[in-house]
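Visitor: Please choose a single part of this structure and take me through it closely, keeping the criteria behind each term explicit. I would like one connected account rather than a list.

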Amino acid sequence: MKSYMYGVQGAFLALSLCTVCAANTCTDLGNLPFLKNGYTWAGSPFMNLTTGGLMLCAVECIKRSRCMSFNFYLQDGSCEMRDVETSDPFYLPVSTVVHSNINQFQELLARTCEFHNCDVHETCIPEEGGYSCTVEFPLSCADVKQCAPKSGDGEYWIYLRDFNMVKARMYCHNMASTEPADYLTLPVTNYGYYPILRNPVCAGEVAGLEGTCDGNGGEVWFNKIKIDTRSLRVTTNDHTFANYTNWKLLYGVASDCYAKHYDGVKASCGPRGTFTIDLSGTGMAVTPETTWLDTGFRYWMNVTRADDNTRIYMNCGGYPGYCEAEDGLFLQPYNMDVLKESSAAEVQCAIQ
């Protein structure tokens, strides 16, 4: 939790608002001409709380960087928070609802949490002389551990900060340590093959490799891949959840040292290096912008991708030769609906 010091007046924000808003209808709405009294906005909220009054609903919204507007229900104190500002064409008449964009409250509530620098997954908590930022939506396995320190290794729902706070399923590893790691579980094992064979001019296959290729080659099976949950970049050299023979082949890289390909023309006997990315059932896909780069000596490459970028087949090689994602292998959320809510644990971050 991060703490910040502020002016003395901020320490009295919660007390003053509780005095003004001890009941759901205590606020004189006529004193707030910017409110849309009797109107709602029909979009889906990202959070729904029950508060003691209109002003407290506004404070809850201000405390969250993601909140840009809210609906307050006069009858039961429900406070619906949304991550978009609204304008006249999108209002719907509902007599028991008050709607407002939060920027219209900021001058009115110029206290502790108005100018906070909490992140979108945190909430601002007023404290004496300042405020603190507490995780409310976990963005990583480290956040899951912060919210629920006794959580063990397993599948958890986290929120993707740079992807509109979409919820994603991640496997949290090493939760008992001070540095939990984020992994994407692959329901379909992803396989790579670098033959320990050579046939440089397609005159006959020979066992073993020679020269700089000697010692390389093997097979690899990935069951989980390490992910940076901010950028969704894959750590291609992590083998924590991979099985392999002889040599640690990289994830998403196809290579061999089998045959020579001249003038960009594929040799009749190769290449034999392959790798298959299959993200089926993960809620992820490779970004459409990802391109593959081939390099080496007398190399050749063929990369085939499914229309939805969830499956990519690579057949690459040379003497030696390989292909890999140019500038890194990045994923994006895709078809999250295939994931069952029960397939991962939802951690509730307690807000004091």
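Guide: Cys-57 and Cys-79 are both buried, where buried means under 20% relative accessible area, exposed means over 50%, and partly exposed covers what lies in between, computed with a 1.4 Å probe on protein chains only. This is a predicted model, in which local features need pLDDT of at least 70 and side-chain atom pairs count only at pLDDT 80 or more, while totals for chains, interfaces and linings use all residues. Residues are numbered from 1 along each chain as its sequence is written, and side-chain values use heavy atoms, with hydrogens and water left out.

The two cysteines are joined to each other by a disulfide with an S to S distance of 2.0 Å, a disulfide being a pair of cysteine sulfur atoms within 2.5 Å. This link connects distant parts of the chain, since Cys-57 belongs to helix 2 and Cys-79 to strand 5, 22 residues apart. Helices (H or I, at least four residues) and strands (E, at least two) are DSSP runs, numbered from the N terminus. The torsion about the S-S bond is 80°, which makes the link of Cys-57 and Cys-79 right-handed. Another disulfide joins Cys-61 to Cys-67, again with the sulfur atoms 2.0 Å apart, but here the torsion is about -95°, so this disulfide is left-handed. Cys-61 and Cys-67 are likewise buried.

The strand that holds Cys-79 is part of an open sheet of five strands, arranged in the order 2-6-4-5-3 with antiparallel pairing; two strands count as paired if DSSP finds at least two bridges between them. Strand 2 (36-41) and strand 3 (47-50) occupy the edges and have a single partner strand each, so one side of each lacks a neighbour in the sheet. On average, and ignoring direction, neighbouring strands of this sheet are turned by 40° against each other. Within the sheet, strand 4 (residues 69-73) and strand 5 (residues 78-82) run antiparallel and are joined by four bridges; Phe-70 has Met-81 in strand 5 as its bridge partner.

Helix 2 (residues 54-62), the other end of the Cys-57 to Cys-79 link, lies across strand 3, strand 4, strand 5 and strand 6 (91-101), and runs at about 150° to strand 4. For such angles, axes are lines fitted to C-alpha atoms, for helices over the stretch in contact, and the values run from 0 to 180 degrees between N-to-C directions; contact means heavy atoms within 4.5 Å.

Charged side chains add to the picture around this helix. Glu-60 meets Lys-63 in a salt bridge (3.3 Å, N to O), and Glu-60 also meets Arg-64 in a salt bridge (2.7 Å, N to O); the term requires a side-chain nitrogen of Lys or Arg within 4 Å of a carboxyl oxygen of Asp or Glu. Glu-60 has a relative accessible area of 19% and is therefore buried. Lys-63 counts as buried because its relative accessibility is 8%, and Arg-64, with 5%, is buried too.

For comparison, elsewhere in the chain the side chains of Arg-161 and Asp-162 meet in a salt bridge (3.1 Å, N to O). Arg-161 is partly exposed, with a relative accessible area of 28%, and Asp-162 counts as partly exposed at 39%. Back at the part in question, salt bridges that share partners join Glu-60, Lys-63 and Arg-64 into one network.

To set this part within the whole, the protein chain has three helices and 24 strands, and 49% of its 352 residues count as buried. A search of the whole structure finds 11 salt bridges, and the count of disulfides comes to six. One of these joins Cys-316 and Cys-323, with their sulfur atoms 2.0 Å apart, and this link is right-handed, with 75° about the S-S bond. Cys-316 is buried at 0% relative accessibility, and Cys-323 is buried with a relative accessible area of 0%.
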